[in-house]
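Reader: Please pick one part of this model and go through it closely, in one connected account. I would also like to see how that part sits in the rest of the chain.

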Amino acid sequence: MRKFNFSAGPAALPEPVLYQAQQELLDWHGLGCSVMEISHRTAEFIAVAERAEQDLRDLLSIPESYKVLFLQGGATAQFAAVPWNLFGSGAKKADYIHSGHWAAKAIKEARRYGEVTVVASSEDRNFRYAPAKDCWQQSAEAAYLHYTPNETIGGVEFDYVPEVDCPLVADMSSSILSRPIPVDKFGVIYAGAQKNMGPSGIAVAIVREDLLHRAMAGIPRGLSWKVAADAGSMDNTPPTFAWYLSGLVFQWLKAQGGVEAMARLADKKSALLYEFLDRSEFFSSPVEKESRSRMNVPFVLADERLHKPFLEAAGEAGLLGLKGHRSVGGMRASLYNAVPLEAVVALVAFLSDFEARRG
Ligand code: PMP
C-alpha cells in the first residue's frame with residue numbers, strides 16, 4: 001500500500017505517472033525495450049524530449065524568446081552556472097536576496113566568481129520571513145539579481161516578484177509549476193526536478209535568449225547554457241529516464257488543469273495545515289504569516305522530547321517524510337503538486353489526535 005508522502009525531495013510523484021512508467025517499463029510503445037535502453041539520439045527519444053519541452057512551455061506559458069534547457073548537476077550546478085553564464089560582459093557583480101539556507105548556498109558559490117552584494121536579507125529575524133518588496137535597492141552595475149522564491153528548508157515563500165532593471169534570476173526548485181508565473185519578468189528560472197517536476201537527476205533552466213551570450217571566457221562546457229541550447233540539451237548523454245518521467249508528470253499536470261489548478265490546490269492544502277497549526281496549543285509554525293510557504297510547511301512541537309515518538313507514530317499512521325531538515329530540526333510537511341488533499345486531511349487528523357494524546 002502506498003502511504004502519504006510529505007518528503008521534501010526527492011518527493012512524492014503522481015500515482016498515475018508511476019503506474020504508466022511501470023506499464024511501459026519493459027516495452028516502451030512496442031519498441032521491445034524500455035525508454036532507458038535506447039539512444040538519446042533516436043527519433044523515439046527525441047520525440048519524448050520534444051514533447052516534454054512543449055508541455056512545459058504550455059504549462060508555464062513560456063514565450064518563444066526563451067530557451068528551455070534540460071540539465072544535469074541539479075540546482076546546485078546552476079548556483080555556479082548563473083555567474084559563469086552572466087558575468088562575461090561588464091562588471092562581475094551581482095545582487096542577491098538572502099532568504100535562508102538555499103539563498104546562502106547560491107551566494108557562497110557566486111562569490112567564487114565575482115562580487116556579490118546582498119541587497120536584502122531576512123537574517124535579522126532568523127530567516128522567518130521574506131524581505132519586503134520595497135526595502136532594498138539594486139546596485140548600479142549588477143549583472144543580475146538572484147533570489148529564491150521558495151526556501152525549501154525555512155518554509156518561506158515570496159508573495160511577489162522583485163522588480164529590477166537587470167535580469168532577474170530565480171531558483172524555483174521547490175515552487176515551480178505550483179502557480180502561474182510571469183516568465184517574461186525573469187531572465188533565468190532554474191529548478192531541480194525532484195520536487196514538483198519528476199525524479200532527481202535532471203534540472204530545468206528557462207533562459208531568455210539574449211542572455212546566452214554573456215558567459216565568462218573559459219566556462220566549463222557542462223555549465224554553458226549556450227552549449228546546451230545549441231545541442232538541444234544533448235551535448236552529452238542526458239538522464240533519459242528522468243527526462244521521460246518528468247514528461248509524464250507534465251502530461252499529468254495538464255490533465256489536472258495545469259498550474260492554475262495546482263495553485264488552487266496548494267492554497268487549499270496549505271491553508272488547512274496552517275489553520276490547524278495556528279489553532280493548536282502544541283504544534284506551531286515558526287514562519288511569519290505573510291511569508292508562509294504553500295509548498296513546505298515546517299512546524300515545531302512544544303516539547304522536543306516528543307520528536308522521536310512523533311515520527312514513530314506518524315510512520316505507523318502511514319505518514320512519511322515529516323522529519324525537518326537536519327540543519328534546523330523540528331518537522332516539515334512538503335505539500336508538492338503530487339501530494340493529494342486527502343494526505344493533508346490525514347495529516348491534520350493525525351496531528352490533532354497526537355496533541356490530544358500527548359500534548
Ligand atoms: N535550491 C533549492 C530551493 C532547493 O530546495 C534545493 C534542494 N533541496 C536545491 C537548490 C539544491 O538542489 P539539488 O540537490 O538538485 O542540487
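Author: In this predicted model, the two end C-alpha atoms of residues 4-345 are 10 Å apart. Helix makes up 32% of that span and strand 17%. UniProt, in an unreviewed entry, gives residues 4-345 as "domain: Aminotransferase class V". The part taken up here is the surroundings of the ligand.

Around the ligand stand Gly9, Gly74, Ala75, Thr76, Trp102, Thr148, Thr152, Asp171, Ser173, Ser174 and Gly192. By class, 8 of the shell residues are polar, 2 are nonpolar and 1 is charged. The element that gives the most to this shell is helix α3 (residues 74-86), which supplies 3 residues.

The record can be set beside this list. The "binding site" annotation in the unreviewed UniProt entry covers Ala75, Thr76, Trp102, Thr152, Asp171, Gln194, Asn236 and Thr237. These positions extend over 163 residues of sequence and are spread in space as well, with C-alpha atoms up to 29.9 Å apart. Ala75, Thr76, Trp102, Thr152 and Asp171 appear both in the shell around the ligand and in the annotation.

Two of the annotated residues show how their settings can be opposite. Thr152 lies in the loop that runs between β6 (150-151) and β7 (156-157). It is buried, because 27 other C-beta atoms lie within 10 Å and the cut-off for a buried residue is 20 or more. Leaving out residues up to four places away in sequence, Thr152 touches Ala8, Trp102, Ser173, Ser174 and Asn296. Of these, Trp102, Ser173 and Ser174 also belong to the ligand shell. Asn236, in contrast, is in the loop between α5 and α6. With 12 C-beta neighbours inside 10 Å, Asn236 counts as exposed, because that class takes in residues with 12 or fewer. The same loop between α5 (225-230) and α6 holds Ser233. Ser233 is buried, with 23 C-beta neighbours inside 10 Å, and has a positive phi near 60° although the residue is not glycine.

Lys195 is the next residue to consider. The unreviewed UniProt entry annotates Lys195 as "modified residue: N6-(pyridoxal phosphate)lysine". Lys195 sits in the loop between β9 (188-192) and β10 (203-208). There are 30 other C-beta atoms within 10 Å of the C-beta of Lys195, so the residue is buried. Apart from neighbours within four places in sequence, Lys195 has contacts with Gly9, Ala11, Ser173, Ser174 and Tyr336. Gly9, Ser173 and Ser174 are in the shell around the ligand too. Ser173 and Ser174 thus link the two accounts, as contacts of Lys195 and of Thr152.

Gly9 also takes part in a backbone feature. The peptide bond from Gly9 to Pro10 is cis, and its omega is near -10°. Pro10 belongs to the loop between β1 (4-5) and α1.

Further along the chain comes α1 (residues 15-24), in which Leu18 has its place. Leu18 is partly exposed, with 15 C-beta neighbours inside 10 Å. Leu18 and Leu248 are separated by 230 residues in sequence, while their C-alpha atoms are 9.0 Å apart. His29, in the loop between α1 and α2, is exposed, with 10 other C-beta atoms within 10 Å. The phi of His29 is positive, near 50°.

Helix α2 (residues 43-60) follows that loop. Its 18 residues should span 26 Å at 1.5 Å a residue, and the end C-alpha atoms are indeed 26 Å apart. Buried in α2 are Phe45, Val48, Ala49, Ala52, Glu53, Leu56 and Leu60. These residues lie on the same side of α2, because they cover an arc of only 125° around the axis. An α-helix has 3.6 residues a turn, so residues three or four places apart point the same way. Ala43, Ala47 and Glu50 are exposed on the other side of α2. The cover over the buried residues of α2 includes β2 (66-71), α6 (240-256) and α7 (258-279). Just after α2, Ser61 has a positive phi of about 50°.

How values were computed:
Residues are numbered from 1 along each chain as its sequence is written. This is a predicted model: local features need pLDDT of at least 70, side-chain atom pairs count only at pLDDT 80 or more; totals for chains, interfaces and linings use all residues. UniProt positions are given in the numbering used here, feature names are shortened, and annotations may be inferred rather than shown by experiment. Helices (H or I, at least four residues) and strands (E, at least two) are DSSP runs, numbered from the N terminus. A residue is near a molecule or strand if its C-beta atom, placed from the backbone, lies within 6 Å of it. Ala, Val, Leu, Ile, Met, Phe, Trp, Tyr, Cys and Pro count as nonpolar, Asp, Glu, Lys and Arg as charged, and the others, Gly among them, as polar. Two residues are in contact if their C-beta atoms, placed from the backbone, lie within 7 Å. The expected span of a helix is 1.5 Å times one less than its number of residues. The arc is that of the directions from the helix axis to the C-beta atoms.
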